[in-house]
Amino acid sequence: SAVTLDLQEGGVYTFDQSDSSNSGHPLRFSTTPNGTWGGGVEYTTGVTTTGVPGNAGAYTQITVAIGAPTLHYYCTNHSGMGGQANTP
């Protein structure tokens, strides 16, 4: 089952995507469960992506905005791979 994350407002979180198991699974955020697969749009505020998942140096980083909404992480290539990221 999906892991629910607790991200603190003002915090900076880096999700290492360099492992080969990440190949073909770009991690992104949305305010909608399952992201674009759930009819939502990508949430980009404070989000930086570097490299290609599955390759050395690839990561997704988010600086959580003050007052950020509850977020959901998802894979842009596959439905049902994500979960919730609370921003208490």
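**View 1. The lining of the largest pocket is made up of eight nonpolar, four polar and no charged residues.** This view, like those that follow, is taken from a predicted model. The volume of the largest pocket comes to about 210 Å³. Which residues line the largest pocket? Its lining consists of L5, F15, Q17, N22, H25, P26, L27, Y73, Y74, C75, M81 and G82. Strand β7, which covers residues 71–75, gives the most to this lining, with three residues.

**View 2. Strand β7 is mostly covered, since five of its five residues are buried.** The residues of this strand face two ways: L71, Y73 and C75 point one way from β7, while H72 and Y74 point the other way, and all are buried. This can be read against a general pattern, for in a regular strand the side chains alternate between the two faces of the sheet. On one side, β7 is joined to strand β8 (residues 83–86) by three bridges, and these two strands run antiparallel. Within this pairing, L71 of β7 stands opposite A85 in β8. Strand β7 is also joined to β3, here by four bridges, and again the two strands run antiparallel.

**View 3. Strand β3 has neighbours in both β7 and β4.** Which way do the side chains of β3 point, and are they buried or exposed? L27 and F29 point one way from β3, R28 and S30 point the other way, and all are buried. Two residues of this strand can be followed to both neighbours. F29 stands opposite Y73 in β7, and in β4 the bridge partner of F29 is Y43. S30, in turn, has H72 as its bridge partner in β7 and stands opposite E42 in β4. The link between β3 and β4 consists of two bridges, with the strands running antiparallel.

**View 4. Five strands form an open sheet in the order β1-β8-β7-β3-β4, with mixed pairing.** Strands β1 (5–6) and β4 stand at the edges of this sheet, and each has a single partner strand, so one side of each is left without a neighbour in the sheet. As a reminder of what holds such an arrangement together, strands of a sheet pair through backbone hydrogen bonds, either parallel or antiparallel.

**View 5. The side chains of R28 and E42 meet in a salt bridge, with 3.6 Å from N to O.** R28 lies in strand β3 and E42 in strand β4, so the pair ties together parts that are 14 residues apart in sequence. In general terms, side chains of opposite charge can pair when their charged atoms come close. How many salt bridges are counted in the model? The count comes to one salt bridge. The surroundings of the two partners can be described by their accessibility: R28 counts as buried, because its relative accessibility is 17% and the cut-off for buried is under 20%. E42, with a relative accessible area of 36%, is partly exposed.

**View 6. The loop between β3 (27–30) and β4 (42–43) contains N34.** The backbone of N34 has a positive phi of about 70 degrees, although N34 is not a glycine. Is N34 buried or partly exposed? N34 counts as partly exposed, because its relative accessibility is 23%, a value that falls between the 20% and 50% cut-offs.

**View 7. Three strands form a second view of an open sheet, in the order β2-β6-β5, with antiparallel pairing.** The edge strands here are β2 (12–16) and β5 (47–50), each of which pairs on one side only. From one strand to the next, the twist averages 15 degrees. Four bridges join β5 to strand β6 (residues 59–63), and the two strands run antiparallel. Within this pairing, T48 of β5 stands opposite Q61 in β6.

**View 8. A65 is found in the loop between β6 and β7.** A65 counts as partly exposed, with a relative accessibility of 25%. Which distance separates the C-alpha atoms of A65 and G46? These C-alpha atoms are separated by 6.9 Å, while the two residues are 19 residues apart along the chain.

How values were computed:
Residues are numbered from 1 along each chain as its sequence is written. This is a predicted model: local features need pLDDT of at least 70, side-chain atom pairs count only at pLDDT 80 or more; totals for chains, interfaces and linings use all residues. Side-chain values use heavy atoms; hydrogens and water are left out. On a 1 Å grid over the protein atoms alone, a cavity is a set of points where a 1.4 Å probe fits but cannot get out, and a pocket is an open set with protein on both sides within 12 Å along at least five of seven lines; lining residues have an atom within 4 Å of a point. Grid points are joined across faces, edges and corners, and a volume is the space filled by probe spheres set on the points. Ala, Val, Leu, Ile, Met, Phe, Trp, Tyr, Cys and Pro count as nonpolar, Asp, Glu, Lys and Arg as charged, and the others, Gly among them, as polar. Buried means under 20% relative accessible area, exposed over 50%, partly exposed in between (1.4 Å probe, protein chains only). A salt bridge is a side-chain nitrogen of Lys or Arg within 4 Å of a carboxyl oxygen of Asp or Glu. Two strands pair if DSSP finds at least two bridges between them. Axes are lines fitted to C-alpha atoms, for helices over the stretch in contact, and angles run from 0 to 180 degrees between N-to-C directions.
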